[in-house]
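The exercises that follow are meant for a reader who is new to this structure. Each one sets a task and then works through a solution step by step.

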Amino acid sequence: MAATSTSLIPLRGHGRKASFSSSPAKTALKKALRFSFSSRSSVVICVKSSGAVKYNEVVVDEEMDKIRRLQNGSDVRGVALEGEKGRTVDLTPPAVEAIAESFGEWIIKALQKERGRPVEDVTVSLGKDPRISGASLSVAVFAGLARAGCLTFDLGLATTPACFMSTLLPPFAYDASIMMTASHLPYTRNGLKFFTKKGGLTSPEVEEICDKAAHKYANRLTKVSTMLNSPPKKVDFMRAYAKHLRDIIKERVNHPIHYDTPLKGFQIIVNAGNGSGGFFTWDVLDQLGADTFGSLHLNPDGMFPNHIPNPEDKTAMALTRAAVLENTADLGIVFDTDVDRSGVVDNNGNPINGDKLIALMSAVVLKEHPGTTIVTDARTSMELTRFITDRGGHHCLYRVGYRNVIDKGVHLNQDGVETHLMMETSGHGALKENYFLDDGAYMVVKIIIEMVRMRLEGSDEGIGSLIKDLEEPLESIELRMNIISEPKYAKARGREVIEAFRSYIEEGQLKGWELDACGDCWVSEGCLVDSNDSTAAIDAHMYRAKVSNEKNEEIGWVHIRQSIHNPNIAINMQSSVPGGCQLMTKVFRDKFLLASGMGKTLDFSQVD
C-alpha cells in the first residue's frame, strides 16, 4: 500500500469551486469546497493524498490562463458570444470585471507614483462600439472599476480616438479611459483598449494588468458583481469630440468666404459599416456644409449586416466606390468599427488604402514638414520608400503592429529625429500633432483640409492626383498558416517556426535569401529591433528577408510574423518580376516548411 502524505492547500475566501477526478480524498475536498466563504481571510484545508500532485493548483492555473490568453498585444480581445465555429466564449462578464478592476488599481497606483501622494476620486470613462455584447460587458467594466475605487463615466456609443480624447478635452479630462471594441472582427468578438492621458497602454502594461486579473478571477467564488453601489454618470462626450474636429477644419481651411461652412460645394460619401462612425456624417460634415447624400450604413448595428466595417475589406471599398461614382462625389470615406482606422476613395473612384493611403498622408505631411521621417511597418513596398524619398522625406520601416509603429515614432522624436507621421498598412495612422493617436477620423480631417485647399488654389484635380506617380509592386500576396495546437501552446509553437526560418536563412539553407535591413533598424531577436539602447518589448516575432535569383538580382521580399490576435502565422510577399511570388512561395514550402519539418505543426493549405 502506497504511503500517504498530507497536503496543505491554501484557499482564499473568494476561491473557486474546483473540479477533480474521483477518489475519497478528492471527494472530501470537493465537498469542502462547496461552502461559500463570506470573508477574505485565508482558509487552510488538510487533505490526505496518495501523491504529490496539487490538483487545485492545476485547476487554478487553467483558470488564470483563460485570462492571460485574452491579451492581444496592447489590447484585450476574446469571444463574447456563441456562434463562432471552433471557438468557445472566453470574454465573459467575470473575466471583464477582473480585468477592469485590475486596470483601475493600476491607474490609481500609477497616479500615486506620479504625484507622490495618495489620490482620491480617480475618474475613468468607458465608451463602446455597437456590438450586441456591449451592454452586459459594460456592467462588468463598471463593477470592476467600482471595486477598485474609481469614479466612472459612461460615454455610450463612442469611438476609440474619442475615448482617448476624453482624457484631455476640458471639462472632461478623465484620468483614464476604456474603449470596448474588437475593431473589424466578427460580431461574436469584443475587447478592451486602455488609455491614460499619455496615450494607449503598451503590451507589457496590459500583460501586467491581465496577470493581476488572472489571480482575481481564479480566486473568486462569486464571479461577477450584479449590483453597482454608484452607477456611472452618463455624459455626451461625442458632441464635444465632433466640435473639436469641426473647429480644426474651420481654422485650418480658413475659408475666405464662408468660414463656418468650408465644405459647402463638396459632396462626401461616408461608409460607416454600421459601426461607430456615423457621427462623422451628422455632427461633422453636415455641420460644415458638406452634401453627404448617398452615404452608406450610418446607423449603428452590432450585427454588422452589410459588410465587415474595415477599410481593407474589398466589399466595403467596392460599395463606397460605386456610391462615389453614382453621385459624382468628391470623396468617399470608409471607417472601421471603432474609427481608429480609415480609407478613402477619390473622385475618380480609385480606392486609397494600404500603401496608397500612406503615400497620400506622406504627401500631405511632407508639404507641411519637409524632410520629416515617416515610420511604417515592414510590409510596405519598395515603391513607397521611393515615393517618400523622392519628396525629401525619410522612410523608417519597423515591426508590424500599430502600437509598435507609433511607439517607434515617439522614440525617434525623443531622440531628436523629427517624425510627424506613423502609419501601418492596415490603416492605423498617427500624427505627432495629434498626440500620437491613431485616429481614423483625424486622418480624414487632414485629407479633407488638403482637398479644400487644392480647390481654393484653383485645382480641379481630386486628392488622388497627389499620388499619381506612386508605382505599385508587380505582385503582392498575403498568406496565412494556422498553427495546429492547443491555444495555450500556439504562441510558443509559432515562435519555434519563425526562429527556425531565421536559422535556415542564416545557415544558408535558402539560397539567395538574406535577412533584410530596414531603414534605421536591423533584424535580430525575433523582430525588427531598435537601433538605440532602449529596445522595445517584443510582442510578436517576425522577420523580413530579401530574395535574389541565381544572377544575384533582387526579385522581392518575404515577411513572416506571428499574428497577435489569432493562432496563425502571416506571410507577406512582394515581387518586381512576373511569377516572383509563386517562385518564393515554392521555395518557402519545399526548402523550409517541408525540409525543416515545421510544416507538421501548421496548416499551410494557402501556401499550397
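## Overview

The protein chain has 15 helices and 27 strands. The model is predicted.

**Exercise 1.** State how many residues of the protein chain count as buried, as a percentage, and what share of its contacts joins residues 24 or more positions apart.

*Solution.* Step 1: the protein chain has 608 residues, and 56% of them count as buried. Step 2: among contacts with a separation of 6 or more, 70% are between residues 24 or more positions apart.

## Cysteines

**Exercise 2.** Decide whether C163 and C210 are buried or exposed, and give the number of disulfides in the structure.

*Solution.* Step 1: a residue under 20% relative accessible area is buried. Step 2: C163 has a relative accessibility of 0%, so C163 is buried. Step 3: C210 has a relative accessibility of 2%, so C210 is buried too. Step 4: the structure holds 0 disulfides.

## Helix α15

**Exercise 3.** Compare the expected span of helix α15 with the distance between its end C-alpha atoms, then describe the helix further.

*Solution.* Step 1: helix α15 covers residues 580-596, which is 17 residues. Step 2: the expected span is 1.5 Å times one less than the number of residues. Step 3: this gives 24 Å for α15, and the end C-alpha atoms lie 23 Å apart, so the two values agree. Step 4: α15 nevertheless has a kink of about 30 degrees, centred on R589. Step 5: its buried residues are G580, C581, M584, T585, F588, F592 and L593. Step 6: just after α15 comes G597, with a positive phi of about 85 degrees.

## Nonpolar cores

**Exercise 4.** Locate the largest nonpolar core and name the residues that touch the most other members.

*Solution.* Step 1: this core has 71 residues, of which I268, F280, I333 and I448 touch the most other members. Step 2: helix α13 (residues 440-456) gives the most to the core, with 11 residues. Step 3: domain 1 (57-235) and domain 2 (239-467) both give residues, so the core lies between them. Step 4: when neighbours within four places in sequence are left aside, the contacts of F280 are L245, L285, I333, F335, A441, V444, V445 and I448. Step 5: another core, of 40 residues, lies apart from the one just described and includes L137, L145, A176 and A218.

## Backbone features in loops

**Exercise 5.** Describe the backbone at P171, F436 and N552, and place each residue in its loop.

*Solution.* Step 1: the peptide bond from P170 to P171 is cis, with omega near 5 degrees. P171 sits in the loop between α5 (160-165) and β7 (176-180). Step 2: F436 is not glycine, yet its phi is positive, near 55 degrees. Its loop runs between β18 (429-431) and β19 (437-438). Step 3: N552, also a residue other than glycine, has a positive phi near 65 degrees. N552 belongs to the loop between β24 (542-548) and β25 (554-562). Step 4: over 50% relative accessible area a residue is exposed. N552 has 66%, so N552 counts as exposed.

## Surroundings of V206

**Exercise 6.** Find the helix that holds V206 and list the contacts of this residue.

*Solution.* Step 1: V206 lies in helix α6 (residues 203-218). Step 2: its relative accessible area is 1%, so V206 is buried. Step 3: leaving aside neighbours within four places in sequence, V206 is in contact with Q71, G73, S74, D75, V76, F194 and L201. Step 4: V206 and Q71 are 135 residues apart in sequence, while their C-alpha atoms are 7.1 Å apart in space.

Note on methods:
Residues are numbered from 1 along each chain as its sequence is written. This is a predicted model: local features need pLDDT of at least 70, side-chain atom pairs count only at pLDDT 80 or more; totals for chains, interfaces and linings use all residues. Side-chain values use heavy atoms; hydrogens and water are left out. A disulfide is a pair of cysteine sulfur atoms within 2.5 Å. Buried means under 20% relative accessible area, exposed over 50%, partly exposed in between (1.4 Å probe, protein chains only). Helices (H or I, at least four residues) and strands (E, at least two) are DSSP runs, numbered from the N terminus. The bend at a residue is the angle between axes fitted to the seven residues ending there and the seven starting there. A nonpolar core is a set of buried Ala, Val, Leu, Ile, Met, Phe, Trp, Tyr and Cys residues joined through side-chain atoms within 4.5 Å. Domain bounds come from an automatic or database domain assignment. Contact means heavy atoms within 4.5 Å.
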